[in-house]
Amino acid sequence: MAQDVAAVVLAAGKGTRFRSDLAKVLHRAAGRTLVHHVLEALRPLDLGQVLVVVGHQADAVTAEVQAADLPGIGTVLQAEQRGTGHAVEVALPALEAGIERVLVLPGDTPLLTAGTLERLVAASDGGRAAMLTAELGDPTGYGRVVRDDVGSVVRVVEERDATVEQRAIPEVNAGMYVLPRGPLETAIGELDDDNAQGELYLTDVVEILHRAGQQAAPVVVAEREIAGVNDRRQLADTAAELRRRHLDHLMVEVGVSVLDPVTTHVDVDVEVARDAVLLPGTLLDQGTRIGERAVVGPNSHLSACVVEADATVHSTRGEGAVIGPHAQVGPFAHLRTGTHLGARTKVGAYAETKNARIGDGTKIPHLAYVGDATVGTGVNVSCGVITVNYDGRTKSHTTIEDGAFVGCDTMLIAPVTIGTGAYTAAGSTITDDVPAGALAIARSRQTVKEGWRARREAEDQG
Ligand code: UD1
Ligand code: CA
């Protein structure tokens, strides 16, 4: 659509106000890093080129940018961070031949939407400069937009350089502009660092263009959208807003029931299908997918899990688990990585599974550990069963074949196989394979001492 436009995303700064060892743009809001949110807002624009300026923790930020996998994306290194104007200066030589307009964006504005960027780009049609502004109740921290008598944008004044009167201006600079390439290249060459921060301010380009008779067309937007995340409180606020937007989409456009949106945290890339129900206290992390009519919660936390249609997942922690159609999980189950539950399975209270394939219709209703195991269809894993998979050195595998019945409190000392339809007696410690159809009893016989209590009491008195 706009192949003559290149985006330059500024993501080289440290983010001092975050007080973090991690670069600011790598912090996550609703499952995505801040810089990834900005790149997703750019994706639908289908621009000719996208350049991300990296500097602080450049390798990690580059890896994150590459993972976003946008067409025409690349990074430019700003080794020393000498201001937003300097960041753009570093990017200019990397622009490709057909680029005529440059869309500059900060890397810390995750609420930005593609629609707003499209409006901004449209305002620059015909090669004029355009900039995004917003009127804020509290403009603290932002650059203020100075207009003349007829309303043209004259320049942007940073808060630290502003007079008292200028600080009272409610219209702020979003830090997002579309600038014609040639005039931008000229203006960047004229920047100086004669300001409170001793930096090259990109904002001064607005004034330089105005003096050359090319004032920027202001595009005014809703204030929330342009919010830059400069500290952890703003991170929490924007994450809440992103989650709210995603829940609105799921409820209104997909048809998902969310009983309590405030306590239901769903990351932005989580897909939930029609007629699914999310009960209070549900946390669905990145990489999770919920099928039609599934009921999740209350109080379930699923990371990178797949829940198939009609399953229920009550008060459960899941990590990298697949839960089959019509399965019933919880309350109080822990499904760990590599768990794959078949259709109509049941995993109940205080059961833990890990690296386990559980066949259709199999039940693990309570108090069990099934790890490093292949369990067939229609198996009953009774209360208290443990796959003893670890001897302190290596992990070993347990196989339980179709239709087997593993009695209560059975210890399955892996590696071991329970054959098709075989039984183990309650309280058995199974060290050897059990053939199909057999019953294995592996426990000591009960001894009964008649009259034992009376004899002891007589001893105590005597
Ligand atoms: C900037 C604007 C301000 C605007 C605000 C909107 C300037 C001088 N000021 O201020 O008018 O209201 O954004 O959010 O442009 N960065 C680099 N290299 C650098 C410096 C910064 O890549 O040398 C990156 C940062 O990582 C960040 C972005 O540029 O993603 C903006 O920098 P930041 O320091 O947050 O600018 P603000 O003070 O917010
Ligand atoms: Ca900022």
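How many salt bridges does the rule find across the interface of domain 1 and domain 2? Just one, and it gets its own view below. Everything shown here comes from a predicted model.

**View 1. The two domains of the chain.** The domain assignment splits the chain into domain 1, covering 2-226, and domain 2, covering 232-440. On the contact between them, domain 1 puts in 16 residues and domain 2 puts in 13. Measure from centre to centre, using C-alpha atoms, and the two domains sit 45 Å apart. About 1300 Å² of area is buried between domain 1 and domain 2, and carbon and sulfur atoms give 59% of that area.

**View 2. The salt bridge and its surroundings.** Here R224 pairs up with E241 in a salt bridge. The closest N and O atoms of R224 and E241 are 3.3 Å apart. Zoom out a little to the whole interface of domain 1 and domain 2, and the rule also turns up seven residue pairs in polar contact, with both partners at pLDDT 80 or more. On the domain 1 side that touches domain 2, β2 (28-29) and α1 (34-42) each chip in at least two residues. Sorted by class, that side of domain 1 is a mix of six nonpolar, five polar and five charged residues.

**View 3. A cis bond at P331.** Going from G330 to P331, the peptide bond is cis, and omega is near 0°. Look for P331 in the loop that links β24 (328-329) to β25 (333-335). As background, most peptide bonds are trans.

**View 4. A cis bond at P415.** A414 and P415 are also joined by a cis peptide bond, with omega at about 0°. P415 lies in the loop between β33 (411-413) and β34 (416-418).

**View 5. D275, with a positive phi.** D275 is not a glycine, yet its phi is positive, at about 65°. The residue sits in the loop between β14 (271-272) and β15 (277-278). Is D275 buried, partly exposed or exposed? With a relative accessible area of 46%, D275 is partly exposed.

**View 6. S315, with a positive phi.** S315 isn't a glycine either, and its phi is positive too, at about 45°. You'll find S315 in the loop running between β21 (312-313) and β22 (316-319). The relative accessibility of S315 is 11%, so this residue counts as buried, the cut-off being under 20%.

Notes. Residues are numbered from 1 along each chain as its sequence is written. Chains are lettered from A and ligands numbered from 1 in the order in which they are written. This is a predicted model: local features need pLDDT of at least 70, side-chain atom pairs count only at pLDDT 80 or more; totals for chains, interfaces and linings use all residues. Side-chain values use heavy atoms; hydrogens and water are left out. Domain bounds come from an automatic or database domain assignment. Contact means heavy atoms within 4.5 Å. Buried area is the accessible area (1.4 Å probe) that two parts lose on being put together, summed over both. A salt bridge is a side-chain nitrogen of Lys or Arg within 4 Å of a carboxyl oxygen of Asp or Glu. A polar contact is a pair of N or O atoms within 3.5 Å; within protein, one must be able to donate a hydrogen and the other to accept it, and residues adjacent in sequence count only if both atoms are side-chain atoms. Helices (H or I, at least four residues) and strands (E, at least two) are DSSP runs, numbered from the N terminus. Ala, Val, Leu, Ile, Met, Phe, Trp, Tyr, Cys and Pro count as nonpolar, Asp, Glu, Lys and Arg as charged, and the others, Gly among them, as polar. Buried means under 20% relative accessible area, exposed over 50%, partly exposed in between (1.4 Å probe, protein chains only).
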